[in-house]
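Work through the exercises below with the model open. Each task is followed by a solution in steps.

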Amino acid sequence: MWRLALFGRLAASADPVLAAIAAKGVKELTYHRDYAAQWVIRLGDGTPLSHGKMQAALGAIWPLVDELFQADPVTAALPGVAADPAGLRAEVDTVLDAGPGAEVTVLLDGRSSTATIPAGTPVLDGAQRVRPDLPFACKGGVCGTCRARLVAGEVTMRRNYALEQEELDAGYILTCQSLPASDQITVDYDA
Ligand code: FES
C-alpha cells in the first residue's frame, strides 16, 4: 500500500527515468497489494490458528508503520524528484479506511464494461482488467491521455498536471489518478 502510493508519486517525478520506472511499477504493485490484501482477509477470517497468527503479525508490525512516513535528508534534498514520505500518509489512510471496493463502469468506443475494483485502486488500473484497451501513457497525472468524464459517482484525484480548470468544472478526471470515493461510479472515455 505504502509502496504503491510512493510509486504513484514518483511517476510524476522530474527525473524521467525515475518517473518511467515508477509508472511501470504501479501496475505491478497494484496487483501485489490486492493479492496481499486478499490473503490478509482470508487468514484473518480463517481458522483460529490463522487468525491468531495474523493478529500477532499485525501487532508486531503496526508500531513500525509511522517510520514509513518520516522525512529523510536525502528525499528532502530532491524536491520535485523524490516523493515526500509524509505526503503519502493521507492516501494510505484513505485506503485503510475504505470499504471493500467500488463498482466501476467505463464507456469506451460505444461499449460499456463494469468491474468491481478494490478500495484505493485508481479507476484506470482497476478497469483495465475488463478493458485493456483503455487509453493511458504516463500514469503520473501529467499527459492527460487517460482523461474521461465522470458521469456518475465521486472520485478523489490524487494529482493533476494535465487538466485545466474548465475541464475539471465540466466533470473530466484523470482516471489514472482517480480513486473511487463512492460505491458506484461511471466514467465516459468517449465524452
Ligand atoms: S495516463 Fe497520463 S495523466 Fe493519466
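From the N terminus on, the elements of the protein chain run α-α-α-α-α-β-β-α-β-β-α-β-β-β. This is a predicted model.

**Exercise 1. Overall build**

Task: State how many helices and strands the protein chain has, then check its radius of gyration against a compact globule.

Solution.
- Step 1. The secondary structure comes to seven helices and seven strands.
- Step 2. For 191 residues, a compact globule would have a radius of gyration near 16 Å. The protein chain has 18 Å, which agrees.
- Step 3. The C-alpha trace spans about 50 × 45 × 25 Å along its principal axes.
- Step 4. Of the 191 residues, 27% are buried.
- Step 5. Take the contacts with a separation of 6 or more: residues 24 or more positions apart account for 55% of them.

**Exercise 2. Two domains**

Task: Find the domain bounds, then describe the side of domain 1 that touches domain 2.

Solution.
- Step 1. Domain 1 covers 2-97 and domain 2 covers 101-188.
- Step 2. Their C-alpha centres lie 21 Å apart.
- Step 3. Across the boundary, 13 residues of domain 1 are in contact with 14 residues of domain 2.
- Step 4. On the domain 1 side, α2 (16-44) and α5 (89-97) each supply at least two residues. The most comes from α2, with seven residues.
- Step 5. By character, that side of domain 1 divides into seven nonpolar, three polar and three charged residues.

**Exercise 3. The open sheet**

Task: Give the strand order of the five-stranded sheet and explain why β2 and β5 stand at the edges.

Solution.
- Step 1. The order is β2-β1-β7-β3-β5, in an open sheet with mixed pairing.
- Step 2. β2 (111-118) and β5 each have a single partner strand, so one side of each is left without a neighbour in the sheet. That places both at the edges.
- Step 3. From one strand to the next, the twist averages 35°.

**Exercise 4. The two neighbours of β3**

Task: Describe how β3 pairs with β5 and with β7, and name bridge partners of Arg149.

Solution.
- Step 1. β3 (residues 147-152) pairs with β5 (residues 172-174) in the antiparallel sense, over three bridges.
- Step 2. β3 and β7 (residues 184-188) also run antiparallel, and three bridges join them.
- Step 3. Follow Arg149 in both directions. Its bridge partner in β5 is Tyr172, and its bridge partner in β7 is Asp188.
- Step 4. Next along β3, Leu150 has Val187 as its bridge partner in β7.
- Step 5. One rule helps when reading such pairs: side chains in a regular strand alternate between the two faces of the sheet.

**Exercise 5. Two positive phi angles**

Task: Locate Asp109 and Lys139, and decide whether each is buried or exposed.

Solution.
- Step 1. Recall the background: most residues other than glycine have a negative phi.
- Step 2. Asp109 is not a glycine, yet its phi is positive, about 55°. Lys139 is not a glycine either and has a positive phi of about 55°.
- Step 3. Asp109 sits in the loop between β1 (101-108) and β2. Lys139 sits in the loop between α6 (123-127) and β3.
- Step 4. Count neighbours. Asp109 has 8 other C-beta atoms within 10 Å. The cut-off for exposed is 12 or fewer, so Asp109 is exposed.
- Step 5. Lys139 has 27 other C-beta atoms within 10 Å. The cut-off for buried is 20 or more, so Lys139 is buried.

Technical notes. Residues numbered from 1 in each chain as written. Predicted model: local features only at pLDDT ≥ 70, side-chain atom pairs only at ≥ 80, totals over all residues. Pairing = 2+ DSSP bridges. Helix = DSSP H or I, 4+ residues; strand = E, 2+ residues; numbered from the N terminus. Axes fitted to C-alpha atoms, helices over the stretch in contact; angles between N-to-C directions. Domains from an automatic or database assignment. Contact = placed C-beta atoms within 7 Å. Nonpolar A, V, L, I, M, F, W, Y, C, P; charged D, E, K, R; others polar. Rg over C-alpha atoms; globule rule 2.2 N^0.38 Å.
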